[in-house]
Amino acid sequence: MSASREPIGVIGTGYVGLVTAAGFAELGSDVWCIDIDAEKIDRLNGGEIPIYEPGLAELVAKHRRRLHFSTDIGDALEHARLLFVAVGTPPTYSGDADLSAVHAVVDSMPPSDRHALVMKSTVPVGTGASIKRTFAERGKDGFRYVSCPEFLKEGSAIADFLSPDRVVVGDDGDWAGDAVVELYRPLGAPLVRTDIASSEMVKLAANAFLATKISFINEIANVCEVTGATVTEVARGIGLDDRIGPKFLQAGIGFGGSCFPKDVNALKQLAGNSGYHFQLLNSVIEVNELQKRRVIGKLQKHLGGLVGKRVALLGLAFKPNTDDMREASSLVLAARLQADGAKVGAYDPVAEEEARKLIRGIDFAPGPLDCVRDADAVVLVTEWDEFVALDWAEVAGEMAGTVVIDGRNALDPDVIRAAGLTYEGVGRS
Ligand code: UDX
């Protein structure tokens, strides 16, 4: 890529910020990465990547000379016109998004005719309009604003950045929107250039739709269990319909992560605050909560009461290839099992450190075989490849009981049964 690419600033060096910075560095931009956390900036300057994302450390190392880490927003303002905002917008107790970090960024902007904020963080529809009003009230109406939501999946974020399904740019049709479009041009992705509010809604609607797809297939799975159908076959059959598509039709023990639960709730809340009752999303959320708990019923069916029973959880992260524990199904599952008197053991290849901050009173095992030793039942919670590849005869030899609950339909039932174990998946009769 040419060295004459537009330099940019990225405010917030969390997951989205770092991937965005490394991605644009790969495309040839110099990137000034700003964070208020001095310790984090020190670590980044020392070449340490504070999050687990395949390929990220390598990409940051490759572009070490183009990536500049600082706590001083002045560095970004001096070198770049476009300031990508990638700060956290976690849910509040009311389910609304907490925009305090976004507001802190807005407040720290000086009056300027040559800068623009480019919002990557997921924000409620109307946030862009409100920020523009704030700028105008403070005599900073020269500051431009662009909405450019991210659609990165943890575990494949670098690939998602470099080969996006689409790029969405919501703006007022001025230089800032043009410049953002130009930055993404080398990726050759379909472009949706639209107004700011529509762009903000695209992000919330996309995640809400995907979450709906998962809750839908999970309910189909639950009906399969009582009717004798097999959900994986049903998903195959409906997924070949072009209008439905095969992705996001894997039944399991519910969706988690930093986006789906938060964004579905935020959209429900946004609608509610505007006087509209978003009935469908209420169901999507409720189905997901119940889905995490259905494992308990399955264990009780096989083991009777759970008091004193040893249950081994294979995997804790909300999905494989990440150490992210936010809204992971394992959190609810571990707590429910403990509440029912079970002794819970767990193993996750990378999420143990994060899990220890959130789950108390369970035994963390150093490996999968230590985890299943003497267990009455094993629950596959996160479908890491290494669990699928386990020697299940060896697992059977370690266990005290025979029950295997496959919470992600990732295992081959024949292999499990051949090992002398009792298999139960989700919607697989
Ligand atoms: C998601 C969106 O995909 C991404 O576009 C957005 O920017 C952020 O949120 P991510 O949270 O990384 O990305 O995870 P994703 O891979 O989409 O999975 C989310 C959850 O849904 C996981 O818990 C996963 O196990 C679950 N899931 C996914 C299913 O249960 N079934 C499926 O078929 C797909």
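Where does the ligand lie relative to domain 1 (8-194) and domain 2 (232-424)? The legends below start with that point and then turn to some smaller details of this predicted model.

**View 1. Two domains and the ligand.** The protein chain is divided into domain 1, residues 8-194, and domain 2, residues 232-424. Both domains give residues to the shell around the ligand, so the ligand lies between them. Taken over C-alpha atoms, the centres of domain 1 and domain 2 are separated by 33 Å. The domains also touch one another: 15 residues of domain 1 are in contact with 17 residues of domain 2.

**View 2. The shell around the ligand.** Here you can look for the 18 residues that surround the ligand. The closest are Glu-154, Gln-250, Gly-256, Cys-259 and Lys-319. By type, the shell divides into nine nonpolar, six charged and three polar residues. Helix H9, residues 196-227, gives the most to this shell, with three residues.

**View 3. Polar atoms facing the ligand's oxygens.** Which distances are worth finding here? A backbone N or O atom of Gly-256 lies 3.0 Å from an oxygen atom of the ligand. For Leu-249, a polar backbone atom is 3.3 Å from a ligand oxygen. Glu-150 takes part through its side chain, where an N or O atom is 3.4 Å from an oxygen atom of the ligand. Taken alone, the ligand exposes 670 Å², and the protein buries 92% of that.

**View 4. Val-87 and its surroundings.** Val-87 sits in the loop between strand E4 (82-85) and helix H5 (100-107). Is this residue buried or exposed? With a relative accessibility of 16%, Val-87 counts as buried, because the cut-off for that word is under 20%. Leaving aside neighbours within four places in sequence, Val-87 is in contact with Ile-11, Gly-12, Ala-101, Val-102, Val-105 and Ser-121. Try tracing the chain from Val-87 to Tyr-15 as well: these residues are 72 residues apart along the chain, while their C-alpha atoms are separated by 9.3 Å.

**View 5. The two ends of helix H2.** Helix H2 covers residues 38-45, and at its start a side-chain oxygen of Asp-37 reaches to within 3.1 Å of the backbone nitrogen of Glu-39. What phi does Gly-47 take, just after H2? Gly-47 has a positive phi of about 85 degrees.

Notes
Residues are numbered from 1 along each chain as its sequence is written. This is a predicted model: local features need pLDDT of at least 70, side-chain atom pairs count only at pLDDT 80 or more; totals for chains, interfaces and linings use all residues. Side-chain values use heavy atoms; hydrogens and water are left out. A polar contact is a pair of N or O atoms within 3.5 Å; within protein, one must be able to donate a hydrogen and the other to accept it, and residues adjacent in sequence count only if both atoms are side-chain atoms. Helices (H or I, at least four residues) and strands (E, at least two) are DSSP runs, numbered from the N terminus. A residue is near a molecule or strand if one of its heavy atoms lies within 4 Å of it. Accessible areas come from the Shrake-Rupley method with a 1.4 Å probe; for residues, only the protein chains shown count as cover. Ala, Val, Leu, Ile, Met, Phe, Trp, Tyr, Cys and Pro count as nonpolar, Asp, Glu, Lys and Arg as charged, and the others, Gly among them, as polar. Domain bounds come from an automatic or database domain assignment. Buried means under 20% relative accessible area, exposed over 50%, partly exposed in between (1.4 Å probe, protein chains only). Contact means heavy atoms within 4.5 Å.
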